[in-house]
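Please open the structure in your viewer and keep the selection tool at hand, since this tour goes from one selection to the next.

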Amino acid sequence: MTATLQPTSAPRSLAWKNLSPLRRASILWLGGLLIFSIVRIIADADDITSSGTISSTLRVATPILLAGLAGLWAERAGIVNIGIEGMMIIGSWCGGYGAWKWGSWGGITLALVGGMLVGLLHALATVRFNVDHVVSGIAINTLAAGSTEYLSIIFFKGQKGGGESQSPPGKGGYGEFDMPFLAGGRIGNWKSPDILKWIEDKHDIPLIPDMAGFIRGLVSDVYLPTILAIAIIPLSVYVLWRTRWGLRLRSSGESPQAGESLGVAINRLRYQAMAISGALAAFGGAYLSCVFTSTYRQGQTGGQGFIGLATTIFGNWQPWGVFRGSLLFGFPTALKFRDERNVPALLLVAAVALVIVAAVMVLRRRSVIVTSCLAAAVCLVIAYNVVDKVPSEFVAATPYIVTVIVLAGARQQLRPPAHAGLPYRPGESH
Amino acid sequence: MKNPRLQRAMVTAASSVLAVFVALAISAIILLITGKDPVKAYSTLFGAAGESRVLQGMANRATPLMISAAAVAIGFKMNLFNIGVEGQMRVALLTTAVVGAAVDLPPVLHVAFCLVVAMTAGALWAGIAGWLKVKRNVNEVISTIMLNFIALSLVAWAFDDFFRVESPTESLLVKTKELPTSAWFPDLVDRRLNGMFIVAILLLILFWVVVWKTKFGFRLRASGGNSGAARATGVNPKKMILISMLLSGAIAGLVGMRALLGDVHAYQNNLAEQQGFNGIAVALLGRNHPLGIFFSALLFGFLGEASGKLQLEDIPKEITTIMSGIIVLAVVIINEAVKRWDNRRIQRKATAEIEAEVKS
């Protein structure tokens, strides 16, 4: 989440542009961590960069990440997917059913198959029948909600531990993973020393314990499905930007007519992309019902599919951007889950970030943005001193508010696939 | 020679009816697969149509659906997809409940005042999406989805922290301060059918007049149908977008009024939930025409009302939710197919006419 604090504020000087992406990411990460570190010491909120918070952020963010990647894959192929929420619902139901019948991996497998089928349904409607993408997505959301409620009554009602709106508990877990030496993981029967924990506990020093906490959060208490989900990010980058198939798929999202004129089978690609998109969204749903908890509950997804859609936009239709977005959107929720008293510290973090944005904008002589950023920062600082508890409704609304602000304020920086959502029939538009 | 407009209207109506039958058929297959008897299900469901109780309930449930469908349809006429009816309705509900309870007015005036407050609140919330679209070029689908969730959180917070009143009798039900009786909307049939049904029908008639019989409506349809041509004739597309978004939001504000003024008389959580979303399906099935919206709202209202009967036969009533999802997909797919078929038909007819002329 560190880097996303200033997606628009990155100075556009030549020196900055010449840096490699890896260096830029590390500078943003360190800078962001520094802000958090300062706020941690001022606000005496040690938990905001603790390894526990980071690892729970990762768990909260994983379904959002998968939903965001589902949106990315669909839109890169030119199909707007409003039905992510519905696909997640199907995934969570399948996950609950599969985990109950065949164990945890069975749940995820069934969810992938179910999600793929729903994705193909969306593709059938939008590609074959040329239905408006948004309408089809809404229909899929309705269908998914209705059919899972219907199937729950048929399959789960009356079963031991199950009911009309929840599945019986699933069998088997996934095992948690701790990195040896860094986070005290075991090698055989020997428990290795927990070095990062030792550094993390030195709360009086700035920055160093925060870095340790951040890294330890990424390597302790990690579930295998989380690692799998994160591995999909570089895989998506590779497939979409480094393979011939990926290039064709993106051409379908940018300009299907151009692709078609070069002999690319646009419609087939769109079916394939939607199968992947559906499977990813359903994986996110199954993560909620098999990994995060061990039962399917009705309404479990609670709009996370739409947060995923927001993440696709926020991440600028780039896999790593989606990752940053999911961490940013997951962080407040994770912090709230652990201890609500730490949430107000985020107001200070946001205030500091806004001041930095304002400083950058001074260099670019954008006086309107500078004043509004500073005014917002002052408001946040006042709010921090006045409230002792941020209402949980605000935590819930943060992703949506941030997305609206980004859409309204940083449109020049956003680059959606040019043809996403537009009607297309092969052989028609020449 | 038949009237081509009438012919087209018949084709449109027929394709919507066909969509409903397709949805019934697919739902029957789902019932069969899951081991339920579709014949029994449908005879139970449609057997209920004879009972006056059910018919009153149907009209009552159709009331908010007609209004929310009208809100969606006015956007569609302008090529705007307002998914935000739910959020606009929710903002209007709490605002009206609070403002309406705070003032003291004579009976009829109080109701009118509440309706105006609701429309204003809904329009203002929709106006954010309109402003974002016009000034910042933000797609209204995305912004209204986001604004729905923001509205949900904002209203829940305002309700929880400021406006809730613990009632001494029903301790579990938390509501806002109850509206005075002067703000209650009277029932047509006591406790069964609220008078807002008449308001909804009047609204649909007004919708028809405004969209099809006024200069504004012509501009609206023109910019929705062909924005380039409309601009060439001097229509300001940005202004039209903003106006239609505000109108849509104002209508959306009325969606919850049957529940608020006619039933509960105070705001509570889950009041009128989903009624804004369900209007989208109704508008699609009704093809954005007032008459179509009227009949599809009645259909959806009937499904909702009669679905309770299914449970007596041990068939989950959720099959009707599945049905409405399939109806939406079926209606848009069939429309597209019919449109292609119609285009081919017109082409063939034109070709035949031209050939006949050439020969003579």
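Select chain A and chain B together and look at where they meet: in this predicted model, 35 residues of chain A are in contact with 33 residues of chain B. On the side of chain A that touches chain B, at least two residues each come from α6, from α13 (304–314) and from α17 (392–409). Which of these helices gives the largest share of that side? It is α6(A), with 14 residues. If you colour this side of chain A by class, you will find 24 nonpolar residues, along with seven polar and four charged ones.

Next, keep helix α6 (residues 133–155) of chain A selected and add helix α5 (residues 104–128) of chain A, whose axis comes within 10 Å of that of α6(A) and crosses it at roughly 145°. The crossing of these two helices, α5(A) and α6(A), is right-handed. To see the contact itself, show the side chains of Val118(A), Leu121(A), His122(A), Ala125(A) and Thr126(A) on α5(A), and those of His133(A), Ser136(A), Gly137(A), Ile140(A) and Ala144(A) on α6(A). Sorted by class, the contact has five nonpolar and five polar residues, and no charged ones.

Finally, move to helix α3 (residues 51–76) of chain A, which has 26 residues and reaches 35 Å from its first C-alpha to its last, close to the 38 Å expected. Follow α3(A) to Ala61(A), where it bends by about 40°, and then look within the four residues that follow for a proline, Pro63(A). Because 24 of its 26 residues are buried, α3(A) is largely enclosed by the rest of the structure. Just after α3(A), stop at Gly78(A), which takes a positive phi of about 100°.

Methods: Residues numbered from 1 in each chain as written. Chains lettered and ligands numbered in written order. Predicted model: local features only at pLDDT ≥ 70, side-chain atom pairs only at ≥ 80, totals over all residues. Expected span 1.5 Å × (residues − 1). Bend = angle between axes of the 7 residues up to and from the residue. Buried ≥ 20, exposed ≤ 12 C-beta atoms within 10 Å, placed from the backbone. Axes fitted to C-alpha atoms, helices over the stretch in contact; angles between N-to-C directions. Left-handed = near helix turned anticlockwise from the far one by under 90°. Contact = placed C-beta atoms within 7 Å. Nonpolar A, V, L, I, M, F, W, Y, C, P; charged D, E, K, R; others polar.
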